[in-house]
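Open the structure in your viewer and keep the selection tool at hand. This tour moves from one stop to the next.

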Amino acid sequence: MSTAEQQQPHGTPQAPEAPSDALLGPADIRELAAALGVRPTKQKGQNFVIDANTVRRIVRTAEVRPDDVVVEVGPGLGSLTLALLEAADRVVAVEIDDILAAALPATIAARMPQKKDRFALVHSDAMLVTELPGPAPTALVANLPYNVAVPVLLTMLDRFPSIERTLVMVQAEVADRLAARPGNKVYGVPSVKANWYADVKRAGAIGRNVFWPAPNVDSGLVSLVRRAEPIATSASKAEVFAVVDAAFAQRRKGLRSALAGWAGSAAAAEAALAAAGISPLARGESLTVEEFAAIAEHKPADAQKPAL
């Protein structure tokens, strides 16, 4: 998974805002990787950030506070982890890779011994994590691997409601989808489900040249601030998400047709839509998360009975 490291211009004094020598530099990253026999792989979605300004920008844009407990998914070799430790009270890192997970605590202890007791490692797939050590996390900051970014993000937001603020770096296309508004051509399932939990917006673009190895796509930062109040609905999250999935499974169709399977028939779907105040000719890409919730509230009772 992804990490970050510092880049120092040749012959140029360190800028005043630059992090301390505790952070990993370009040579440190490559030495650590070589010593561990690690090469970033596409299979694991690994792209290590090698630019100090990008690391500082992530921490700054995330608005990490001195009292924050930050959870990081995919710390890799630990550069972003170290930067987060400088700004936060505690950092909990979730790492799936056996080699990287084994090496990270030693890196923290060696480079930032004063904060080693403020760091915890969870060696696991983030999709399987149901609890974290220590105080409840208040922020999620991560450079997420492109191939699992959306499910990891939604899972973490769902399982850890104490997370108030999130900043993730993802593939630019995924960032666009997460932050899209109704009516946008890329508005879809990730957009609606992310908005169930939080107010979502793009928080910047990231070029390819800050990574090792350089990916074939650009990246983007996405900010998610958890809703102060949950969506006002009598429907459960699962019920609302079922409507969302059905609507976008056939996104070119009007909702009367797209939701026929969900409701039991096209006529039943039309009745549910009418009750929710939604046009049967509307498409899923035009609806807000609140409107999807309204539809879920009016699911026909017969649709919930098993077929004979």
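A crossover is called right-handed if, with the strands pointing away from you, the path from the first strand over the helix to the second runs clockwise. Keep that in mind for the first stop. One caution before you go: this is a predicted model.

**Stop 1: a β-α-β unit**

Select residues 90–95, strand S3, and residues 119–123, strand S4. The two strands run parallel, and five bridges join them. Now add helix H4, residues 98–111. S3, H4 and S4 together make a right-handed β-α-β unit. Turn the view until the strands point away from you, then follow the path from S3 over H4 to S4. For one facing pair, pick Val92: Ala120 in S4 stands opposite.

**Stop 2: the whole protein**

Zoom out. The protein holds 12 helices and nine strands. How many of its 308 residues are buried, as a percentage? Buried residues make up 51%. Switch on the surface. The accessible surface comes to about 14,100 Å², and carbon and sulfur atoms hold 53% of it. Contacts also reach along the chain: of those with a separation of 6 or more, 71% are between residues 24 or more positions apart.

**Stop 3: Arg165 and Asp68**

Side chains of opposite charge can pair when their charged atoms come close. The whole structure has 11 salt bridges. Start with Arg165 and Asp68, whose closest N and O atoms are 2.6 Å apart. Arg165 lies in strand S6 (residues 165–171), while Asp68 sits in the loop between helix H2 (52–61) and strand S2 (69–73), so this pair ties together parts 97 residues apart in sequence. Buried or exposed? Arg165 is buried, with a relative accessible area of 9%. Asp68 is buried too, at 2% relative accessibility.

**Stop 4: Asp245 and Lys193**

Next, select Asp245 and Lys193. They form a salt bridge, with 2.9 Å between the closest N and O atoms. Asp245 is in helix H8 (residues 237–249) and Lys193 in helix H7 (residues 189–197), so the pair links distant parts of the chain, 52 residues apart. Asp245 is partly exposed, with a relative accessible area of 36%. Lys193 counts as buried, at 12% relative accessibility.

**Stop 5: helix H8**

Stay with H8 and select the whole helix. H8 has 13 residues and reaches 18 Å from its first C-alpha to its last, close to the 18 Å expected at 1.5 Å a residue. Which residues of H8 are buried? They are Val240, Phe241, Val243, Val244, Ala246, Ala247 and Phe248. Show their side chains. These buried residues pack against H7, helix H9 (255–258), helix H10 (260–263) and H12.

**Stop 6: Ser191 in H7**

Move over to H7 and pick Ser191, which lies in this helix. At 2% relative accessibility, Ser191 counts as buried. What is Ser191 in contact with, leaving aside its neighbours within four places in sequence? The answer is Arg177, Leu178, Ala180 and Val186.

**Stop 7: Glu290 and Arg227**

Finish with one more salt bridge, Glu290 with Arg227. Their closest N and O atoms are 3.5 Å apart. Glu290 is in helix H12 (residues 289–297). Arg227 is in the loop between strand S9 (219–226) and H8, 63 residues apart from Glu290. Glu290 is partly exposed, at 37% relative accessibility. Arg227 is buried, with a relative accessible area of 19%; the cut-off for buried is under 20%.

Key. Residues numbered from 1 in each chain as written. Predicted model: local features only at pLDDT ≥ 70, side-chain atom pairs only at ≥ 80, totals over all residues. Heavy atoms only, no water. Helix = DSSP H or I, 4+ residues; strand = E, 2+ residues; numbered from the N terminus. Buried < 20%, exposed > 50% of the residue type's maximum accessible area, 1.4 Å probe, protein only. Contact = heavy atoms within 4.5 Å. Areas by Shrake-Rupley, 256 points an atom, 1.4 Å probe, with all protein chains shown as cover. Salt bridge = Lys/Arg side-chain N within 4 Å of Asp/Glu carboxyl O. Pairing = 2+ DSSP bridges. Expected span 1.5 Å × (residues − 1).
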